[in-house]
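Let's take a walk through a protein model together, one piece at a time. Keep the structure open beside you and look for each residue as it comes up.

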Amino acid sequence: MMTSVDTELIRVLADPLRLQIVTLLAHETLCTTHLVEETGAKQTNLSNHLRVLREAGVVETEPCGRFTYYKLRPDVIAQLAGQFTDLAETARSAAENKRACP
């Protein structure tokens, strides 16, 4: 049985600013203005990172007047965590497996 982890999602979350955004959104739904204040990033840079997160399905948008709020999709994070849990279990059960060298 081959256990795999969503490498595209890991790539998306590997960026420090995107990981900071995800961490902030884990605590509350925020608009771009809030995220600019919290991260210190430029609005255009932040918008590009939010687009990547949205396209990867990590966040969803919620229009509110002239603002757009961003909300974390915890099911996506939980699915990735589950993949890592499965990988850890595979490693535990295969701890004694050793392939002989040719």
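Begin with valine 58, which counts as buried because its relative accessibility is 0%. This is a predicted model, so please read everything here as a description of that prediction. Valine 58 sits in the loop between helix H4 and strand S2, which covers residues 59-64. What does valine 58 touch, leaving aside its neighbours within four places in sequence? Its contacts are Leu9, Leu13, Val22, Leu53, Lys71, Leu72, Arg73, Val76 and Ile77. For a sense of distance, try cysteine 101: its C-alpha lies 42 Å from that of valine 58, and the two are 43 residues apart in sequence.

Two of those contacts, Leu9 and Leu13, lead us to helix H1, which spans residues 7-14. Leu9, Val12 and Leu13 are the buried residues of H1. Around the helix axis they cover an arc of only 90°, which puts them on the same side of H1. What do these buried residues pack against? Their partners are H2, helix H4 (43-55) and helix H5 (74-93). Now turn the helix around: the face away from the buried side carries Thr7 and Ala14, which are exposed. At the N-terminal end of H1 you will find a cap, made by aspartate 6. One of its side-chain oxygens lies 3.2 Å from the backbone nitrogen of glutamate 8.

Next, see how H1 meets its neighbour H2, which runs over residues 16-27. The axes of these two helices come within 5 Å and cross at roughly 90°. That angle makes H1 roughly perpendicular to H2. On the H1 side, the meeting residues are Arg11, Val12, Leu13 and Ala14, while H2 brings Pro16, Arg18, Leu19 and Val22. Sorted by class, the residues of this contact are 6 nonpolar and 2 charged, with no polar ones.

H2 also has a contact with H4. Here the axes come within 10 Å and cross at roughly 75°. H2 and H4 are therefore roughly perpendicular to each other. From H2, the contact uses Leu17, Arg18, Ile21 and Val22. From H4 come Asn45, Leu46, His49, Leu50, Val52 and Leu53. The classes in this contact are 7 nonpolar, 2 polar and 1 charged residues.

Let's zoom in on one member of that group, histidine 49, which lies in H4. Is histidine 49 buried or exposed? It counts as buried, because its relative accessibility is 11% and the cut-off for buried is under 20%. Not counting residues up to four places away in sequence, histidine 49 touches Asp15, Leu17, Arg18 and Ile21.

Now move to helix H3, residues 32-39. Which residues of H3 are buried? They are Thr32, Leu35 and Thr39. Looking down the axis of H3, you would see these buried residues fall within an arc of 60°, so they line one face of the helix. Their cover includes H2, strand S1 (30-31), H4 and strand S3 (67-72). Threonine 32 counts as buried because its relative accessibility is 15%. Setting aside its neighbours within four places in sequence, threonine 32 is in contact with Gln43, Leu46, Ser47, Leu50, Thr68 and Tyr70.

Histidine 34 is also found in H3. Because its relative accessibility is 28%, histidine 34 counts as partly exposed. Between histidine 34 and leucine 24 there are 9.9 Å from C-alpha to C-alpha, with a separation of 10 residues in sequence. After H3 comes glycine 40, whose phi is positive, near 80°.

Our last stop is proline 63, which you can find in strand S2. With a relative accessible area of 70%, proline 63 is exposed, because exposed means over 50%. The C-alpha atoms of proline 63 and leucine 25 are 16 Å apart, and the two residues are 38 residues apart in sequence. Set that beside the residue where we began: valine 58 is buried at 0% relative accessibility, whereas proline 63 is exposed.

Notes:
Residues numbered from 1 in each chain as written. Heavy atoms only, no water. Axes fitted to C-alpha atoms, helices over the stretch in contact; angles between N-to-C directions. Helix = DSSP H or I, 4+ residues; strand = E, 2+ residues; numbered from the N terminus. Parallel < 35°, antiparallel > 145°, perpendicular 65-115°, else oblique. Contact = heavy atoms within 4.5 Å. Nonpolar A, V, L, I, M, F, W, Y, C, P; charged D, E, K, R; others polar. Buried < 20%, exposed > 50% of the residue type's maximum accessible area, 1.4 Å probe, protein only. Arc of directions from axis to C-beta. Polar contact = N/O pair within 3.5 Å; in protein donor to acceptor, adjacent residues only side chain to side chain.
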